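Visitor: Could you take me through one part of this structure up close? I'd like to start from a single residue and work outwards.

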Amino acid sequence: MGQALCCVQIEQSTVAIKESFGKFDDVLEPGCHCLPWIFGKRIAGRLSLRMKQLDVKCETKTKDNVFVNVVASIQYRALPEKASDAFYKLSNTQSQIQAYVFDVIRASMPKLNLDDAFEQKNDIARAVEQELEKAMSAYGFEIVQTLIIDIEPDVNVKRAMNEINAAARLRVAANEKAEAEKIVQIKRAEGEAEAKYLSGVGIARQRQAIVDGLRDSVLGFSVNVPGTTPKDVLDMVLITQYFDTMKEIGATSKSSAVFIPHGPGAVSDIAAQVRDGLLQASSST
């Protein structure tokens with residue numbers, strides 16, 4: 001009905017290309033327009049002004065000879081003031097954009113190592129955007145944004161990179177573990193040395209206390225029992241200690257056996273041996 005009345009409707013975010021007898025005449029904005037077809041007026045086509053997105057996957061090689069697939073996302077739209085250029089000058093906009101993306105990526109990636117490519121992907125995206133903006137503006141298109149959304153090396157390369165990273169982390173872990181074990185051993189040795197030192201101090205104090213106790217006992221016994229000599233007191237103390245030791249050996253429940261000479265004469269022999277040892281120690285000091 002609209003065509004019969006020479007009226008056409010243009011949707012929002014869309015422009016129409018008006019021709020007169022096959023020649024470009026005007027760009028029609030959204031709304032209702034009158035096109036008297038009897039005078040050769042017609043709509044050659046419509047052009048969307050909405051932003052479009054094109055994902056381009058490009059295979060290329062890095063400086064260290066690693067083949068990667070680079071995925072670039074191009075967001076673009078037609079300019080209303082250059083709608084005629086966008087409609088007439090390009091027959092396949094996506095193929096044109098894809099060609100420029102391939103050219104820039106394959107010129108940039110061979111200059112970078114694989115690790116540098118991941119770090120500088122924003123620079124690559126900026127180079128692609130600048131080249132596309134310069135080329136596509138002449139055809140009536142605006143490049144809104146360019147993103148490098150993925151850099152994917154070969155599966156074997158990714159596996160090798162993961163193994164390298166794993167080996168590096170294991171090496172660091174081994175160094176840390178060895179350092180921890182070293183610290184533990186040092187601390188254990190320091191603890192053992194301190195324990196031995198304290199044990200020696202304790203034994204020395206114990207022996208000093210025993211000597212002091214014996215001296216006090218001898219002096220007290222000599223004072224309280226006239227006529228006794230220190231030798232008699234020491235013999236009596238040694239005999240007492242001897243019988244206490246025999247009592248403890250006989251009272252133990254273990255099966256170990258200790259063989260020592262026993263008898264009246266053995267007591268005097270033990271006393272003489274202990275007394276001689278004390279005298280030799282006193283003379284040496």
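Leaving aside its neighbours within four places in sequence, which residues is I97 in contact with?

Guide: Happy to. Keep in mind as we go that this is a predicted model. Once you set aside the neighbours within four places in sequence, I97 is in contact with L54, I74, Y76, L132 and M136.

Now zoom out to the core around that spot. The largest nonpolar core has 35 residues, and I97 is among those that touch the most other members, along with I74, V101, I105, V128 and L132. Two of those names, I74 and L132, you've just met as contacts of I97. As for who supplies this core, the elements giving two or more residues are the strands β2 (14-20), β6, β7 and β8 (141-153), plus the helices α1 (83-88), α2 (93-108), α3 (114-119) and α4 (121-136). The top contributor is β7, which gives six residues.

There's also a second, separate core, this one made of six residues, including V8, A16, L28 and L35. Follow A16 and you land in a sheet: A16 stands opposite R46 in β5, and β2 and β5 pair in the antiparallel sense over seven bridges. The sheet itself is open and has three strands, in the order β3-β2-β5, with antiparallel pairing. At its edges sit β3 (23-28) and β5 (41-48), each pairing on one side only. If you ignore direction, neighbouring strands here are turned by 30° against each other on average.

Back to β6 and β7 for a moment. The loop between β6 (52-61) and β7 (67-78) is where you'll find T62. Despite that loop position, T62 is buried, since its relative accessible area is 2%, against a cut-off of under 20%. Leaving out neighbours within four places in sequence again, T62 is in contact with V68, M109, P110, L112, N113 and L114.

One last stop: the cysteines. You'll find zero disulfides in the structure. C7 is in none, and the nearest cysteine sulfur to it, that of C32, is 4.7 Å away. C34 isn't bonded to C7 either, because its sulfur is 5.0 Å from that of C7, the closest cysteine sulfur, and that is too far for a bond. The two also fall into separate exposure classes: C7 is partly exposed at a relative accessible area of 29%, while C34 counts as exposed at 54%.

Notes. Residues numbered from 1 in each chain as written. Predicted model: local features only at pLDDT ≥ 70, side-chain atom pairs only at ≥ 80, totals over all residues. Heavy atoms only, no water. Helix = DSSP H or I, 4+ residues; strand = E, 2+ residues; numbered from the N terminus. Buried < 20%, exposed > 50% of the residue type's maximum accessible area, 1.4 Å probe, protein only. Contact = heavy atoms within 4.5 Å. Core = buried A, V, L, I, M, F, W, Y, C linked by side-chain atoms within 4.5 Å. Pairing = 2+ DSSP bridges. Axes fitted to C-alpha atoms, helices over the stretch in contact; angles between N-to-C directions. Disulfide = S-S within 2.5 Å.
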